[in-house]
Amino acid sequence: MNATSPVDVLQALIRCPSVTPAEGGALSVLEDLLKPLGFAVDRMVERDVDTPDIENLYARAGSDGPHLMFAGHSDVVPVGDEADWSAGPFSGEVRDGMLFGRGAVDMKGGIACFIAAYARLVDAGKVPQGSVSLLITGDEEGPAVNGTVKLLQWAAARGERWDACLVGEPTNPDTLGDMIKIGRRGSVSGTVTVRGVQGHAAYPHLADSPVRGALSLAKSLMFPAFDEGTENFQPSNLEVTSIDVGNAATNVIPATARFKFNIRFNDHWDAESVQAEILRRLDAAAVDPELRPGRAAIAYEIVWSERPSHVFLTRSNSLISSLSGAIETVTGRTPKLSTTGGTSDARFIKDYCPVVEFGLVGQTMHMVDERVAVADLETLTVIYQTFIEQWFAHAHA
């Protein structure tokens, strides 16, 4: 395998069936690639109750100077029905200028391009004057309990410190060079359970429908809007993602109804304040008589998801300008600086150093026939190589 070829590296990684939580051989491929490039490689298995064991990898080249981290994940989502794929999901087949396979864009492709970029610098005698590390988890697509969080804690405990981080997630919506992620909205989820009184649907005065209460509470969370957005973030948005009463009968008023929700919130809020606003809305709606005239306040309980994701915004001019400059140099495009989309492991890394995200075009991630243009792999490799050089130049300036 040629480490300077992103196609070779990506094919080797795709041929490892590393569906979360399986390592699948992917970290062994990375270890075999990185050691000849001068990296010291550590692999560790992290464990926690009620979650699968996860193997992770940390590699570092250099021992001092400015320290740049590349972070990513080698695990992938399930392939679904393999019969629906036009190429084997773990084949790494190249056809008509496209490389097929699970993880091609999310995100083994990004890892392959960064390794190829660094290998080209080594071949050219341009090893950065400082340190480069790779933090690769096998738990990003899973519970995210035994992956990046614990890997960062392990590395920091042994004295690792980073000046900046690039996460290789697929950030571009349409064309390579479209978008850099410089932050992410926060995320809070919860389950609301409403208690009522079971009864016959023909005798509602003898019962108390929890469905009416659940509808009132759910409406209060979806309207009015939480905010109109901020300078760097779109408006916060709450979605009710399920409503369930567990009732198969049409003539029975159920005793219990519950709904789940998730809110993606901007930097107008933090996790604590958005939870407080949700409770305020629920308490106000609980005494609203619109759907339950003459009834007592709605009896409800709320259970929050265990780990909210916190909103963050990266303001490191040297990191952002180095990456933007590399993209413009290679593609001629000026990337949009964005905070849209879901969460990523950058939400954990931001507690240790400034972090940005940039990778491949994400249109086929998690889909049948996930694929990447071979030309994009080469372009991203050149962008990453240029970025590494520019970031270290800024760091030494």
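Angles between axes that run over 145 degrees count as roughly antiparallel, and those under 35 degrees as roughly parallel. The exercises below apply to a predicted model.

**Exercise 1. Determine how helix H1 and helix H2 are oriented to each other, and which residues make their contact.**

Step 1. Helix H1 spans residues 6-14 and helix H2 spans residues 26-34, and their axes come within 8 Å and cross at roughly 150 degrees.

Step 2. Angles over 145 degrees count as roughly antiparallel, and H1 and H2 are therefore roughly antiparallel to each other.

Step 3. On the H1 side the contact is made by Val9, Ala12 and Leu13, while H2 contributes Ala26, Val29, Leu30 and Leu33.

Step 4. Sorted by class, the contact of H1 with H2 has seven nonpolar residues, with no polar and no charged ones.

**Exercise 2. Work out the strand order of the open sheet that contains S4, S5 and S19, and identify the strands at its edges.**

Step 1. The three strands of this open sheet follow the order S4-S5-S19, and the pairing is antiparallel.

Step 2. Strand S4 (94-95) and strand S19 (371-373) each have a single partner strand and stand at the edges, so one side of each is left without a neighbour in the sheet.

Step 3. Strand S5 (residues 98-100) pairs with S19 in the antiparallel sense over three bridges, and phenylalanine 100 has arginine 371 as its bridge partner in S19.

Step 4. Two helices can then be placed on these strands: H1 lies across S4, S5 and S19 and runs at about 20 degrees to S5, whereas helix H9 (residues 374-396) lies across S4, S5 and S19 while running at about 70 degrees to S19.

**Exercise 3. Describe the largest cavity by its volume and by the residues that line it.**

Step 1. Rolling a probe the size of a water molecule over the atoms shows where empty space is left. In this structure there are three cavities of 30 Å³ or more, and the largest cavity holds about 60 Å³ of space.

Step 2. The largest cavity is lined by 13 residues, of which Ala71, Gly72, Thr148, Val167 and Asp345 are the closest to its centre.

Step 3. Strand S3 (67-73) and strand S6 (131-137) are the elements that give two or more residues to this lining, and S3 supplies the largest share, three residues.

Step 4. By class, the lining of the largest cavity divides into five nonpolar, five polar and three charged residues.

Methods: Residues numbered from 1 in each chain as written. Predicted model: local features only at pLDDT ≥ 70, side-chain atom pairs only at ≥ 80, totals over all residues. Heavy atoms only, no water. Axes fitted to C-alpha atoms, helices over the stretch in contact; angles between N-to-C directions. Helix = DSSP H or I, 4+ residues; strand = E, 2+ residues; numbered from the N terminus. Parallel < 35°, antiparallel > 145°, perpendicular 65-115°, else oblique. Contact = heavy atoms within 4.5 Å. Nonpolar A, V, L, I, M, F, W, Y, C, P; charged D, E, K, R; others polar. 1 Å grid on protein atoms, 1.4 Å probe; cavity = no way out; pocket = protein on both sides within 12 Å on 5 of 7 lines; lining within 4 Å. Points joined across faces, edges and corners; volume = space filled by probe spheres on them. Pairing = 2+ DSSP bridges.
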